Amino acid sequence: MSSDGSTQTADATSARCLLCSIGCPVRATRAGPDHYIPDYVPHAGYVGLCGRGSVLVELADHPERLLEARQGEEAVETAEAAAGIAEALRGGSSPAIIVDGNTDIGTLAAVGRFAADVGARWSVYVPPADAGLVHGLDASETYFIGPEKLADADAMLVIGNVFATHPVASHWIFKARATHRQMPLLLIGDPATATAKFATRLYQPRLGVGEAARAVAAIRTGRTDALADAGVLAGWKEPLASAKKPAIVVGAEMGYADARALGVEVAALAPGVRATVCPLTAYGGAWGALRTAAASGAICPVELFSNPPDVLLVIGADLESAMGTKALPAACELLYVGPMPNRLSGRASLVVPAAFSFETAGRTLLGPDRPIQFEPLMAPPAGVPTVREILRMAGAPAGVTADVSAPCSGPEMPAAGKAEPGEGICLALATDPIHFDDGSLTHLASWPQSVRARPVLLMARSDAEAAGVGDAQAAVIDGPGGSATVEVVVSEAHRAGQARASAAFAEVRNVFGWAWNGAKPGTPVRVTVRKA
Ligand code: SF4
């Protein structure tokens with residue numbers, strides 16, 4: 001791996017939005033006694049946040065915040081609850097800890113040390129596609145850049161709907177287009193997206209068969225016979241190879257195996273066309289989290305849940321929304337540490353309020369060689385400790401440091417994902433620029449709720465007609481894990497036989513019925529669609 005070392009974003013002492021790997025700097029200013037507004041910080045020629053990032057201030061001050069620890073129905077002192085966590089884990093026969101990966105790396109390393117002390121296995125949760133992309137790219141010889149450097153490119157291969165998943169990245173892509181008016185922008189992604197509007201060529205992969213990775217391989221080798229539309233990718237290598245500063249922008253939205261294969265193929269293509277690579281992850285801290293996990297003895301979630309724990313401490317993540325109800329062990333004692341209530345905290349026997357990760361100072365990696373140090377956006381409400389403070393109350397030692405110096409390729413999730421054969425259309429998740437990841441945080445904020453209160457289903461006209469539904473009508477998706485009601489968005493250009501549904505709704509994610517011995521979290525599945 002190499003990079004020019006100059007991609008670190010400015011304003012190293014600002015707080016950061018980590019709701020994607022752009023990592024925009026942000027400040028909060030007080031506009032009244034109980035009224036804070038986000039204050040933008042200049043960022044490599046850009047001033048602003050996307051709509052997603054602007055909700056951080058509202059979350060910090062949210063009326064539903066967890067403010068006191070509870071055991072069952074009873075309020076308890078935080079220190080007592082923290083001691084209870086250590087006691088419960090030590091008393092388990094197969095205890096485990098899983099911590100949200102959008103956490104500073106010092107805290108993640110401290111969790112790893114605490115896990116060793118109490119005899120628990122531990123894992124970091126990042127969206128499976130992020131994990132696959134990092135593991136597919138990190139140990140390669142790829143020349144990485146941060147998104148700001150995209151402004152210098154004169155040809156781009158973009159994989160995924162970057163304008164939705166990483167809205168501020170579009171600023172630097174537009175700058176490149178303004179400098180190079182004829183800039184080729186080759187897109188492997190869906191046609192009915194904002195990104196597709198600016199593409200000069202487009203290839204829509206089939207879902208669930210690793211085809212985005214195979215399309216990248218086809219650009220490199222010229223062999224397109226294994227692809228759905230063999231001819232479309234012909235000649236895509238030339239505009240990259242003949243450019244002075246070609247760049248590949250890659251994000252991933254599906255399961256681990258698809259994303260890992262994609263990362264491997266991007267790393268194989270880039271040197272042959274002298275392209276720099278800008279990897280984009282949904283979790284801003286995914287790269288730092290996965291390197292910390294690899295260096296600190298974490299195991300992958302598949303391994304953790306395949307041997308179900310009897311006591312499980314969850315820190316910060318809403319695993320039930322993220323992975324669906326079937327992926328969690330049915331019978332285990334749950335302990336929860338986090339800033340907000342969620343579906344999982346409602347089932348926990350012990351709940352301890354904690355600061356958001358953006359309310360603590362810390363470090364992470366936004367990508368390879370993109371280290372950042374950040375300050376708290378705001379102080380947490382009085383009496384709410386940071387996760388590290390809770391760990392210390394639970395008896396963990398202070399002064400544990402994280403090692404993120406080495407690229408990582410694991411711990412890996414085994415077994416490649418594959419679309420199950422069967423009836424119906426293939427359904428995958430779709431990120432939008434409104435909600436963050438599984439939506440468990442942004443659903444609590446007013447703007448995302450008002451703009452995208454219901455999930456949408458993007459599907460081809462022929463599939464919609466076959467299902468008897470029309471544009472803007474309500475439909476029901478029936479899948480292996482259950483049903484969800486969605487609003488249909490019909491696209492003329494969308495490939496028939498496959499659809500995407502809003503990723504940020506727990507009821508949609510449950511439809512997939514993900515399980516560790518079947519379709520793993522993030523993987524597309526077959527569903528049927530009917531009129532509501
Ligand atoms: S979600 Fe990403 S693009 Fe939006 S403000 Fe946060 S870091 Fe910036």
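A residue is termed partly exposed when its relative accessible area lies between the limits for buried, under 20%, and exposed, over 50%. In the predicted model examined here, Thr 528 has a relative accessible area of 38% and is therefore partly exposed.

Thr 528 belongs to strand 25, which covers residues 525-531. Leaving aside residues up to four places away in sequence, the contacts of Thr 528 are Gly 424, Val 476, Ile 477 and Asp 478. Of these contacts, Asp 478 may be described further: Asp 478 and Thr 528 are separated by 50 residues in sequence, yet their C-alpha atoms are 5.3 Å apart in space.

A second region of the model is centred on strand 10. This strand, formed by residues 155-159, is mostly covered, with five of its five residues buried. The covering applies to both faces of strand 10. On one side, Ala 155, Leu 157 and Ile 159 are buried, and on the other side Met 156 and Val 158 are buried as well.

Strand 10 also pairs with two other strands, strand 13 and strand 11. The pairing with strand 13, residues 246-251, is parallel and comprises five bridges. Within this pairing, Met 156 lies opposite Ala 247 of strand 13. The pairing with strand 11, residues 185-188, is likewise in the parallel sense and comprises four bridges. Here Ile 159 of strand 10 has Ile 188 of strand 11 as its bridge partner. Both Met 156 and Ile 159, for which bridge partners have been named, are among the buried residues of strand 10.

Definitions and conventions
Residues are numbered from 1 along each chain as its sequence is written. This is a predicted model: local features need pLDDT of at least 70, side-chain atom pairs count only at pLDDT 80 or more; totals for chains, interfaces and linings use all residues. Side-chain values use heavy atoms; hydrogens and water are left out. Buried means under 20% relative accessible area, exposed over 50%, partly exposed in between (1.4 Å probe, protein chains only). Two strands pair if DSSP finds at least two bridges between them. Contact means heavy atoms within 4.5 Å.
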